[in-house]
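This report describes the ligand site and the empty spaces of one protein model. Please read it with the sequence and structure at hand.

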Amino acid sequence: MTTTANESRALDEIKIGGLGSSRKRVEDDRFIRGKGNYTDDVVLPGMLHMEILRSPLPHARIKSIDASKAWAMPGVHLVLTGEMMATRNLAWMPTLSYDTQAVLATDKVRFQGQEVACVIADDPYIAKDACEAIEVDYEPLPVIVNPWQGLAPDAPVIRDDKVNQADNVVYNWEVGDKAGTDRAFAQADVVSKLELHYPRSHPSPIECCGSVADFNRATQKLTVYMTTQAPHIIRAAVAMVAELPEQMIRIISPDIGGGFGNKVPVYPGYVCSILASILLERPVKWIEDKTGNLISTGFARDVYLKGEMALRKDGKVLGVRMHTDADHGAFFSDAQPSKFKIGLMHSAFAAYDIPAAHLTARGVYTNKAPGGVAYRCSFRVTEAMFFQERMVQAAADDLGMDQADFRRMNFVRDDDFPHRTPFGFLTDSGQYAKCLDVGLKAIDYENFRKEQAEARKRGRLLGLGISTMTEPLGAGNSREYDILGIKMFDSAELKVHMTGKAILRTGAKTQGQGHETTWAQIVAHELGIPADDVVVEEGDTDTAPFGMGTYASRSTPVAGAAVAMVARKIRAKARKLAAHLLEVSEEDIEWELGRFYVRSSPQRGVSIQECAMAAYSNMPDGMEPGLENTAYYDPPNLTWPFAVYIVTVEVDPDTGVWDVLRMVAVDDCGVRINPMIVEGQIMGGLTEAYAMSSMQFITFDADGNCVGSNYMDYLLPSAWETPGYELHSEVVTPCPHHPIGAKGIGECAAVGGPAAFVNAVMDALSGTGVRNIDMPVLPDRVWEALTYRRDVSGAPPIRQD
Ligand code: CDP
């Protein structure tokens, strides 16, 4: 085989879709043609349908369940109740946070929408009708809708199922240096305080949750198609909880219509469909409806935060105290790293050089659906950064300092990395002041301040909000991060075929982020194989290597790194093949993109494709044939992207309506694999941030009814409401420990964005004495704050009778 002139030149990386190429998303071809293959598209011979009966009451004892009418309905094959589940030891299941959760209620219902029974029938309509024919006799109990009620001495114990649970406290946890923080406060010239509530929110992906369980009696194999962001964890959980042999379980996560953390937990519907399929020996499909999704799954945030900052009068922050009360709902079922009860809340203030900090955190059970899911978030990072940036604004105001100057003065400096944060993380790299300068220049900061002052004189309220933050993305490393003892690392398997085309599989699972596009770009970068020649597969536990799945923007930092590492293993073997083909020793071989050549004679070379052919047809004596390998990547640290979000708004003083004038985003996520995809991630995140800060309201009334469990009340912004974004990518600080220098990006804008919007409205209200308006910053709240010159809380109301 001879080397052509074409192949002998180093390939242009952008031309082959390598690093930095804004390659079009390959998966979109099927998505925009309606050819995606989602869980609901799976249709199997003999398939039955499952529907769930949910509790109308948030807290009630179950006196009896009479399912006889449902059983008698034609087309009904099975009715599952808690009592039946209990006979199989499946009425309760362990959660990903060392708690337990009812699969189907036996003793009590503990939140509105809780799963009480399931019907499996010939079609979903029969199943739904049969659910309505089930008679449940409830004895209502007092309802708890916020932590303060739950902590009252006479509060009913929600989790009376748990031995030794005498109150509603889930945990008490603390981190940081209490004594050092006390000393900092003793030395402070000014102490600035802030209290706020980060309301419940919901990821509301377009596709709801669902599963198709298919137990095959003949082969004893259980195949489950399901909407999960972490298929391998589900396989392990099914094996352990249902005591089925793990090798006989195959979890397939097909196309997913958005996850955002909603599809990480294990939901009762999955478990019931699996048991039903085993009992009936037929495939059983469960597809959640929108209300079911909004009322019972994936709730995030719901945290009350208060804190104070010790300040020197020149603006230096000396210390921070933080306390959080997290409303976990009835079950602590979101995934948290085992060591950190309140997730990575203690990543707060990582961008700032603060000598001492102390955080206390308390989790409380309430009569709400399980909460605390990391919605586009690394385990509570969103709440942490929101509090941080609201606190920073309040502190600068209290000192009478400029918002930007105060931040710049306290930032970790470029030459201070790796930097140990006050709570013990080690941030890796960044150019914080430079990013801020880019943002300020883009928004024309000085001029806006002048304009704002002028407008004030004419009764117009303009505001500018800044949010700057670094956040930890990419859990593990395995030393510190595990879920239920399972260490957090990830994997990639690469098989290069003899024609030089390849298949790559990873332990991550894309839900719309574009892994099929970007992982192939990493292979192209490492091996010079055109990205179009690499097919990427994820989500099938029978074929993909073990991995912890995709959430918390961990894919690029961990699985993406594994892709680079496995490609390097392939390249190492290809080098031996090249030496054999070129009849020189390995030491005499050089590499350029897509080609090995002889150092002393650069025109003599072989392409990576020729090496691939040789791996199957002309390998040296003693070499194992084939060109494939697997890499498990345990990252040395989290990656720490940095972001600056700046918003300008105008508030109408008569109505409280506020409009976004401009929104500037400067994201430094290290090396961008695909700049277009990164921009898409940022725009999506900013839109979610805008939605959370301005319009999304899912709350509970004093009786525990979920208000907002439909899209008439829980608003998703359309293109009409969504502001325009001005994105900046000029600051690039490569991650020093990631093989290709990339940092995660997926959630940054959703994490850092909300504070920018709220800070902008608060800035417009400066001088009114209003310190805080809780999100969503609805016009009526702004109007109330302006009219009565008072803070507006978003905490749910409590029954007074
Ligand atoms: O874990 P998840 O995929 O949600 O988040 P991510 O790792 O931040 O990646 C989101 C998307 O952006 C993926 O397609 C990444 O490959 C891409 N990305 C990129 O092109 N460059 C980066 N530096 C980071 C992410």
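The text below takes up the ligand, then a pocket, then a buried threonine, and last the cavities.

**Ligand site**

The model is a predicted one. Around the ligand stand 24 residues, and those that come nearest are Gln-513, His-515, Ser-555, Thr-556 and Ile-745. By class, this shell holds nine nonpolar, 12 polar and three charged residues. Polar contacts to the ligand include the three in the table.

| Residue | Protein atom | Ligand atom | Distance |
|---|---|---|---|
| Ser-555 | side-chain N or O | oxygen | 2.7 Å |
| Val-671 | backbone N or O | nitrogen | 2.8 Å |
| Asn-674 | polar backbone atom | oxygen | 3.0 Å |

The ligand taken alone exposes 510 Å², of which the protein buries 98%. Three elements give two or more residues each to the shell: α15 (515-527), α16 (555-582) and α18 (675-694). His-515, one of the residues that come nearest to the ligand, has the number at which α15 begins. Ser-555 is likewise among the nearest residues, and α16 starts at 555.

**Second largest pocket**

The second largest pocket holds about 570 Å³ of space. Its lining is made up of 26 residues, and Ala-237, Val-238, Met-240, Val-241 and Ala-242 are the closest to its centre. At least two lining residues come from each of β4 (92-94), α8 (231-241) and α9 (268-280). With seven residues, α8 supplies the largest share. In the lining of this pocket, 22 residues are nonpolar, two are polar and two are charged.

**Thr-95**

The strand β4, which contributes to the pocket lining, is followed by a loop that runs to β5 (100-102) and contains Thr-95. Is Thr-95 buried or exposed? Its relative accessible area is 5%, and the cut-off for a buried residue is under 20%, so Thr-95 counts as buried. The side chain of Thr-95 reaches the backbone oxygen of Phe-332 at 2.8 Å.

**Cavities**

Rolling a probe the size of a water molecule over the atoms shows where empty space is left. How many cavities of 30 Å³ or more does the model have? The count is seven. The volume of the largest cavity is about 80 Å³. Its lining includes Gly-261, Val-264, Pro-265, Asp-334 and Ala-335. Gly-372, Val-373, Ala-374, Cys-377 and Phe-379 also line the largest cavity, as do Tyr-551 and Ala-552. Divided by class, the lining of this cavity has nine nonpolar, two polar and one charged residues.

Technical notes. Residues numbered from 1 in each chain as written. Predicted model: local features only at pLDDT ≥ 70, side-chain atom pairs only at ≥ 80, totals over all residues. Heavy atoms only, no water. Near = heavy atom within 4 Å. Polar contact = N/O pair within 3.5 Å; in protein donor to acceptor, adjacent residues only side chain to side chain. Areas by Shrake-Rupley, 256 points an atom, 1.4 Å probe, with all protein chains shown as cover. Helix = DSSP H or I, 4+ residues; strand = E, 2+ residues; numbered from the N terminus. Nonpolar A, V, L, I, M, F, W, Y, C, P; charged D, E, K, R; others polar. 1 Å grid on protein atoms, 1.4 Å probe; cavity = no way out; pocket = protein on both sides within 12 Å on 5 of 7 lines; lining within 4 Å. Points joined across faces, edges and corners; volume = space filled by probe spheres on them. Buried < 20%, exposed > 50% of the residue type's maximum accessible area, 1.4 Å probe, protein only.
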